[in-house]
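Student: Please take me through this model one question at a time. I would like each answer to show its reasoning before it settles on a name or value.

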Amino acid sequence: GPGIAHSEFNASAIEPVHLLQIWILPKQAGIKPSYEQKHFTLDEKQGKLRLVASGDGRDNSVTIHQDANLYVAVLNKSDRINHSTNKNRSLWIQVAKGGVEVNGRSLQAGDGAAITNETEIAISGTTDNTEILLFDLA
């Protein structure tokens, strides 16, 4: 949107920061800028997908101006989650920390994977305290 200025920085002079900068373009240009920030507890995302951003703000997620749903999960080795989507949507999974198997394929911290032509995916933690982001995109 017009008029937005921002910056990211590490507020600590001694602790390292781990940052994922994610850009999702709005579905239309020139819309009024907006900003939301919410905290999601570990319990809300431990062993399950927690919707954190969506086009309609459902389930107390932040609202984004795009037909996209962003989920976060924290998984341990014993955790397995499934996600279903429509055949006309695409998925992107980003591993922020740890490791997972997605439909039998191994991904590690820093890896991302585009998933198309799949309506069901199975995600299994391969290490404890794994953190993932799952984008369900039109």
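**A loop, its backbone and its charges**

Student: What is the relative accessible area of Asp59, which is exposed?
Tutor: This is a predicted model in which local features need pLDDT of at least 70 and side-chain atom pairs pLDDT 80 or more, whereas totals for chains, interfaces and linings use all residues. Residues are numbered from 1 along each chain as its sequence is written, and side-chain values use heavy atoms, with hydrogens and water left out. Buried means under 20% relative accessible area, exposed over 50% and partly exposed in between, for a 1.4 Å probe and protein chains only. Asp59 counts as exposed because its relative accessible area is 56%.

Student: Where does Asp59 lie, and what is its phi angle?
Tutor: Helices (H or I, at least four residues) and strands (E, at least two) are DSSP runs numbered from the N terminus. In those terms, Asp59 belongs to the loop between strand 1 and strand 2. Its phi is positive although the residue is not glycine, with a value near 55 degrees.

Student: Which phi value does Asn60 have?
Tutor: Asn60 is likewise placed in the loop between strand 1 and strand 2. Phi of Asn60 is positive, again in a residue other than glycine. The value is near 65 degrees.

Student: With which residue does Asp56 form a salt bridge?
Tutor: A salt bridge is a side-chain nitrogen of Lys or Arg within 4 Å of a carboxyl oxygen of Asp or Glu, and the structure holds 5 of them. Asp56 is exposed at 52% relative accessibility, while its partner is partly exposed at 32%. The closest N and O atoms of the pair are 2.9 Å apart, and the partner is Arg58.

**A network of salt bridges**

Student: Which arginine meets the side chain of Asp67 in a salt bridge?
Tutor: Asp67, in the loop between strand 2 and strand 3, pairs with a residue in the loop between strand 4 (80-84) and strand 5 (90-97), so that distant parts of the chain, 22 residues apart, are linked. Asp67 is partly exposed because its relative accessibility is 39%, whereas the arginine, at 12%, counts as buried. The N to O distance is 3.1 Å, and the arginine is Arg89.

Student: How far apart are the closest N and O atoms of Arg89 and Asp136?
Tutor: This salt bridge, too, links distant parts of the chain, with Arg89 in the loop between strand 4 and strand 5 and Asp136 in strand 10, 47 residues apart. Arg89 and Asp136 are both buried. The separation of the closest N and O atoms is 2.5 Å.

Student: Which residues are linked in a network of salt bridges?
Tutor: Arg89 forms a salt bridge with Asp67. Arg89 also forms one with Asp136. The network therefore consists of three linked residues, which are Asp67, Arg89 and Asp136.

**The largest pocket**

Student: How much space lies in the largest pocket?
Tutor: On a 1 Å grid over the protein atoms alone, a pocket is an open set of points where a 1.4 Å probe fits, with protein on both sides within 12 Å along at least five of seven lines, and lining residues have an atom within 4 Å of a point. Points are joined across faces, edges and corners, and the volume is the space filled by probe spheres set on them. The largest pocket holds about 2,000 Å³.

Student: Which lining residues are the closest to the centre of the largest pocket?
Tutor: Strand 1 (50-54), strand 2 (62-63), strand 3 (68-75) and strand 10 (130-137) each supply at least two residues of the lining. Of the 42 lining residues, the closest to the centre are Ile22, Tyr35, Glu36, Val62 and Ile64.

**Separations in space**

Student: What is the C-alpha distance between Ser54 and Ile121?
Tutor: Ser54 is part of strand 1 and is buried, with a relative accessibility of 0%. Along the sequence, Ser54 and Ile121 are 67 residues apart. Their C-alpha atoms are separated by 20 Å.

Student: How far apart in space are Ser106 and Leu49, C-alpha to C-alpha?
Tutor: Ser106 sits in strand 7 (residues 105-108) and is partly exposed at 48% relative accessible area. Between Ser106 and Leu49 the sequence separation is 57 residues. In space, C-alpha to C-alpha, the distance is 19 Å.
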